[in-house]
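Let's take a walk through a protein together, one stop at a time. Have a look at the structure below, and keep it in view as you read.

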Amino acid sequence: MRGTTRRLLRERTAIRTGLRWKLSAAIALVGTLIAVALSLVVHNAARVSMLDNARDLADERLQLAQRNYELSGRPNFPGIRIDDPDLPAELRQRASEGRRVTYVSDRGHGAPDIWAAVPVKNGHVLSLHTGVTDHSTDILHDLDQALVIGSIAVVLGGSALGVLIGGQLSRRLRKAAAAANQVAGGETDVRVRDAIGGVVRDETDDLASAVDAMTDALQQRLEAERRVTADIAHELRTPVTGLLTAAELLPPGRPTELVLDRAKAMRTLVEDVLEVARLDGASERAELQDIMLGEFVARRVAVKDPGAEVRVVHESEVTTDPRRLERVLFNLLANAARHGRPPIEVTVEGRVVRVRDHGPGFPEDLLADGPSRFRTGSTDRAGHGHGLGLTIAAGQSRVLGARLTFRNVRPVGMPGRRPPAEGAVAVLWLPEHAPTNTGSHRILPAR
C-alpha cells in the first residue's frame, strides 16, 4: 500500500512533457551551442584577417616612408613621425634592436590601433600610427549581424524540425499506447503494430512487435487457464449434481441438512466458476430489451431482499439485458447482505443504480484493483463466499456495456488518522446507448 501511495505521489508531482517538445528543446540547445561556437570562430577569424591586412598595409607604408626618409632626410610621408613619444614601450624596445616591427594596441573599446616602427640612422625610430578603416569595421559589424541572424534561423529551423520529427514519433507512440490500452481493456483482436502503421521501420515497430508477442503469449496463457477452469468445473457438475440428488434421498435429520447444505454450496460454486470462465472468454452477448429501470429494480429487490430500502429518484427507460442486469443486482445485494450490515439501501437515479450497506466497507485492495476471483478481502469482510460474486457482477456489467465502481462511505470532518468506513457503495452506470459494441443483439418484443 505504501508503494502504491508513493507511486501515485510521484505521478502527481512529475512534470509531464511531450516527446516532441523534448526533442525540439534538445535540437534547439545543440543548435544554439553550435551556432554560438561557429559565430565566435568566424568572428575571430575575420577580425584576425582584418588586423593582419591592416598590419601589412602599415608595414608597406612604413617601408616607403623609410626609403623616402633615407633619400631626403626628412619624414615627409603622411603619418610618419620620428621618435614618437606615444610609441608603445614594447614596440620601441623591439625597434631599438634593429628590427622592423608592427604592433596592435587594443584599447578595450572601439577600433584597435595599428603601429609600425623601424630604426633609422642616428639611432632614431621611424614610426607610423594608423587605425582600422571604417570600411573594415563596417564589414565586421555586418558579418556579426549576419551571424546572429543565421544563428537564430538555424535554432528556429532546428526547433521546427524537432517538433516535426518528435511529433511523428510521439504520434506513433501515442497510437501504440492507445492500442495497448485497448488490449488491456479486453479487446484481444487489437495489435499494436497494425495500429501505428507507417512505412518507415524504427524502434517503435520493435516495441510494438514485442508488445504484440507478449499479448499473444499472455492471451494463450489466459485462454489455457480459462479452459482448464471451465473443464474442471464442467467435469465437477455431473458428480455434484449426483451428490445433491443422492443427499435429497437421505432420511430427514440434521446430518442430511448439513450434507444438502454443503452439496448446494458446491453446486453454486461450480456454476459460478463456469460463469466466470464464460465471461473471461469474451463470448457472452447481451439480449437487449427496453425496460423502466426504477420499476425493474424495485420488483427484483423486493424478491431478493424484502428488507432492503428502494428509492427511485428519477425513472428512466434503458435498453439492456434484463437477465444480466438482474444477475448484477442480485450479486450486489448478496454481497451487501453477507459482508455488510443493514440497512441496505438501493437508489435508482436515471441510469445509475447504487447499492449501499452500513458495514465496514470494501477492502482497500478491492478499491485499488477491482474484484478478483477467490479473494474475499480483509478479515472484517471475510469468512463467507469465494470472491466470485463481485467478479461475476463486474463481468456481466462489461457485457452490458456498463461501468461498475466501488467506494466506501467515510465520515467527514474527523482530524488525524483516516476514519473507518461507515458503509460500502457499489455504483452501476448503465450506458446511454445500447451496448452494440459488445456484439449484443436486440430481442423483438413479444406480440
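A salt bridge is counted when a side-chain nitrogen of Lys or Arg comes within 4 Å of a carboxyl oxygen of Asp or Glu. Keep in mind that the model you see is a predicted one.

With that in hand, let's begin with the charged pairs. Side chains of opposite charge can pair when their charged atoms come close. How many salt bridges does a search of the whole structure find? The search turns up five. One of them brings together the side chains of Glu326 and Arg300, with N and O 2.4 Å apart. Glu326 belongs to helix H9 and Arg300 to helix H8, so this pair ties together parts of the chain that are 26 residues apart in sequence. Glu326 is partly exposed, with a relative accessible area of 25%.

Helix H8 (residues 293-304) also holds a salt bridge of its own: Arg299 and Glu295 both lie in this helix, four residues apart, which is about one turn. The closest N and O atoms of Arg299 and Glu295 are 3.8 Å apart. Are these two residues buried, exposed or partly exposed? Arg299 has a relative accessible area of 43%, so it counts as partly exposed, and Glu295, at 45%, is partly exposed as well. Another salt bridge joins the side chains of Asp321 and Arg324, at 3.3 Å from N to O. Here Asp321 and Arg324 are both buried.

Now follow the chain into the sheet. Strands of a sheet pair through backbone hydrogen bonds, either parallel or antiparallel. In this model, five strands make an open sheet with mixed pairing, and their order is S6-S8-S9-S11-S10. Why do strand S6 (309-314) and strand S10 (403-408) each have one side without a neighbour in the sheet? Both stand at the edges and have a single partner strand each, so one side of each is left free of a neighbour there. From one strand to the next, the twist averages 15°.

Look more closely at strand S9 (residues 352-356) and strand S11 (residues 424-429): they run antiparallel and are joined by five bridges. As an example, Val353 has Leu428 in S11 as its bridge partner. Helix H9 lies across S8, S9, S10 and S11, and it runs at about 20° to S9.

Between helix H9 (322-339) and strand S8 (345-349) there is a loop, and Pro343 is found in it. The peptide bond leading from Pro342 to Pro343 is cis, with omega near 0°.

Next, visit helix H4 (residues 134-184), where Ser159 has its place. Ser159 counts as buried because its relative accessibility is 16%, and the cut-off for buried is under 20%. Which residues does Ser159 touch, leaving aside those up to four places away in sequence? They are Ser24, Ile27 and Ala28. Ser159 and Ala25 are 134 residues apart in sequence, yet their C-alpha atoms are 6.8 Å apart in space.

Our last stop is on the surface. Val30, Ile34 and Leu38 make a nonpolar patch of about 280 Å² there. Leu38 sits in helix H2 (residues 19-72). With a relative accessible area of 52%, Leu38 is exposed, because the cut-off for exposed is over 50%.

Notes:
Residues are numbered from 1 along each chain as its sequence is written. This is a predicted model: local features need pLDDT of at least 70, side-chain atom pairs count only at pLDDT 80 or more; totals for chains, interfaces and linings use all residues. Side-chain values use heavy atoms; hydrogens and water are left out. Helices (H or I, at least four residues) and strands (E, at least two) are DSSP runs, numbered from the N terminus. Patches are made of residues with over 30% relative accessible area and no salt bridge: like charges are joined within 9 Å, nonpolar side chains (Val, Leu, Ile, Met, Phe, Trp, Tyr) within 5 Å. Accessible areas come from the Shrake-Rupley method with a 1.4 Å probe; for residues, only the protein chains shown count as cover. Buried means under 20% relative accessible area, exposed over 50%, partly exposed in between (1.4 Å probe, protein chains only). Two strands pair if DSSP finds at least two bridges between them. Axes are lines fitted to C-alpha atoms, for helices over the stretch in contact, and angles run from 0 to 180 degrees between N-to-C directions. Contact means heavy atoms within 4.5 Å.
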